[in-house]
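User: I would like to go through this model residue by residue and then look at the metal site and the cores. Please reason briefly and end each reply on the value or name I ask for.

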Amino acid sequence: MPSRRSAERHERNIRDLRALVDAGSRSVVRDMAASGLPTTRRKYPLPCIGHRSGKLTVTGYMVGARGVRALIVRCDCSPDEYTVDHHNFKDFKSTRCNLCAKQAASKKRYWQYAEVMPNDAHRTRLLNRLSAAITRCHNAGNSRYIHYGARGIKVCDEWRNDRAAFLKYIQTVPGWDDPTLQMDRENNNEGYAPGNIRFATPTQNTRNRRKIAELEAELARLRSVISRAPT
Ligand SMILES: [Zn+2]
């Protein structure tokens, strides 16, 4: 999946090229023959305008002092033009824009997940539970992080890297298909991992949390007793 940084780079690429086109820059060439630039003696012939690779169509050339630096292309999904390395284009490494690549990846994930858990409602609900758990355990900006991530509560790597593995496992836990139950941890001081997940009624869940709160209060009381004890 393209990272946020590569999406930003892609946006910048589109903006920069549009600025050059709007300014009528001579480095943007639409007709090689008319440009007078040498087209022969290239190891790999340049694709012509209109040449396609996957969803991309060549619409021009970006030239520098040493000839063609990049191809200008447009993806089927958008009128925006951007530049790609012509070797990547030739080798079919560039066959679609970032957005299309991202969509294809999410579609692929969707089918991977649907295969493991065909019921849409259950799958969506449980994936949302997992996402919420990942957020409160791994995103320090989350308001509940202090009760989770800050206490060392984590979501196991396997589930963070492969949510289909989570979906597969969760179906072995009794109550997984009852939407009235909450996904809870068996041991409150351990993370979200196989063996530590249960489905509980909201009351059971609160009781579990309260027990921990009581224990923590007791611990704090004992600590203060110890710290005041004469040495
Ligand atoms: Zn696209």
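User: Is Asn-188 buried or exposed?

Analyst: The model is a predicted one. Asn-188 sits in the loop between E6 and E7. Its relative accessibility is 9%, and the cut-off for burial is under 20%. Asn-188 therefore counts as buried.

User: Which residues does Asn-188 touch, leaving out those up to four places away in sequence?

Analyst: Asn-188 is a loop residue between E6 and E7, with 9% relative accessibility. Leaving out residues up to four places away in sequence, the residues touched by Asn-188 are Arg-151, Ile-153, Asn-208, Arg-209 and Ile-212.

User: With which side chain does the side chain of Asn-189 make a polar contact?

Analyst: Asn-189 also lies in the loop between E6 and E7. Leaving aside neighbours within four places in sequence, Asn-189 is in contact with Arg-151, Ile-153 and Ile-212. The polar contact of the Asn-189 side chain, at 2.6 Å, is with the side chain of Arg-151.

User: How far apart are the C-alpha atoms of Asn-189 and Leu-130?

Analyst: Asn-189 belongs to the loop between E6 and E7. Along the chain, Asn-189 and Leu-130 are 59 residues apart. The separation of their C-alpha atoms is 17 Å.

User: Which residues are the protein donors of the zinc ion?

Analyst: The donor residues are spaced C-x1-C-x19-C-x2-C in sequence. Each contributes its SG atom, at 2.1 to 2.3 Å from the zinc ion. The donors are Cys-75, Cys-77, Cys-97 and Cys-100.

User: What is the geometry of the zinc ion site?

Analyst: The site has four donor atoms, and the angles among them are 97 to 114 degrees. Four donors count as tetrahedral if all angles lie between 85 and 135 degrees. The angles at the zinc ion fall in that range, so the site is tetrahedral.

User: Where in the chain are Cys-77 and Cys-100, and how many residues apart are they?

Analyst: These two donors of the zinc ion link distant parts of the chain. Cys-77 is in the loop between strand E4 (67-75) and strand E5 (81-84), whereas Cys-100 is in helix H4 (residues 98-116). Their spacing in sequence is 23 residues.

User: Cys-77 is partly exposed; is Cys-100 buried or exposed?

Analyst: Cys-77 has a relative accessible area of 39%. The value for Cys-100 is 5%, and under 20% is the condition for burial. Cys-100 is therefore buried.

User: Which helix gives the most residues to the largest nonpolar core?

Analyst: This core has 25 residues, and Leu-126, Val-155, Trp-159, Phe-166, Ile-170, Tyr-192 and Phe-199 touch the most other members. Helix H5 (120-138), helix H7 (163-170) and strand E7 (197-200) each supply at least two of its residues. With six residues, the helix that gives the most is H5.

User: How many residues does the second, separate core have?

Analyst: The members of the second core include Val-58, Val-63, Val-68 and Cys-100. One of these, Cys-100, is also a donor of the zinc ion. The number of residues in this second core is 17.

User: Against which elements do the buried residues of H7 pack?

Analyst: In H7, the buried residues are Ala-164, Ala-165, Phe-166, Leu-167 and Ile-170. Beyond four places in sequence, Phe-166 touches Leu-126, Leu-130, Trp-159 and Met-183. The elements packed against are H4, H5, helix H6 (157-161), strand E6 (182-185) and E7.

User: Which residue caps the N-terminal end of H7?

Analyst: A side-chain oxygen lies 3.1 Å from the backbone nitrogen of Ala-164. Ala-164 is among the buried residues of H7. The capping residue is Asp-162.

User: Is Thr-59 buried or exposed?

Analyst: Thr-59 lies in strand E3 (residues 56-64). Beyond four places in sequence, Thr-59 touches Arg-30, Ile-49, Ile-72, Val-73, Arg-74 and Glu-81. At 12% relative accessibility, Thr-59 is buried.

User: How far apart are the C-alpha centres of domain 1 and domain 2?

Analyst: The chain is divided into domain 1 (4-100) and domain 2 (114-228). The distance between their C-alpha centres is 48 Å.

Conventions:
Residues are numbered from 1 along each chain as its sequence is written. This is a predicted model: local features need pLDDT of at least 70, side-chain atom pairs count only at pLDDT 80 or more; totals for chains, interfaces and linings use all residues. Side-chain values use heavy atoms; hydrogens and water are left out. Donors are N, O and S atoms within 2.8 Å of the metal (3.2 Å for Na, K and Ca); water is not among the atoms, so sites may look incomplete. Four donors count as tetrahedral if all angles lie between 85 and 135 degrees; four count as square planar and six as octahedral if opposite donors are over 155 degrees apart and all others between 65 and 115; anything else is irregular. Helices (H or I, at least four residues) and strands (E, at least two) are DSSP runs, numbered from the N terminus. Buried means under 20% relative accessible area, exposed over 50%, partly exposed in between (1.4 Å probe, protein chains only). A nonpolar core is a set of buried Ala, Val, Leu, Ile, Met, Phe, Trp, Tyr and Cys residues joined through side-chain atoms within 4.5 Å. Contact means heavy atoms within 4.5 Å. A polar contact is a pair of N or O atoms within 3.5 Å; within protein, one must be able to donate a hydrogen and the other to accept it, and residues adjacent in sequence count only if both atoms are side-chain atoms. Domain bounds come from an automatic or database domain assignment.
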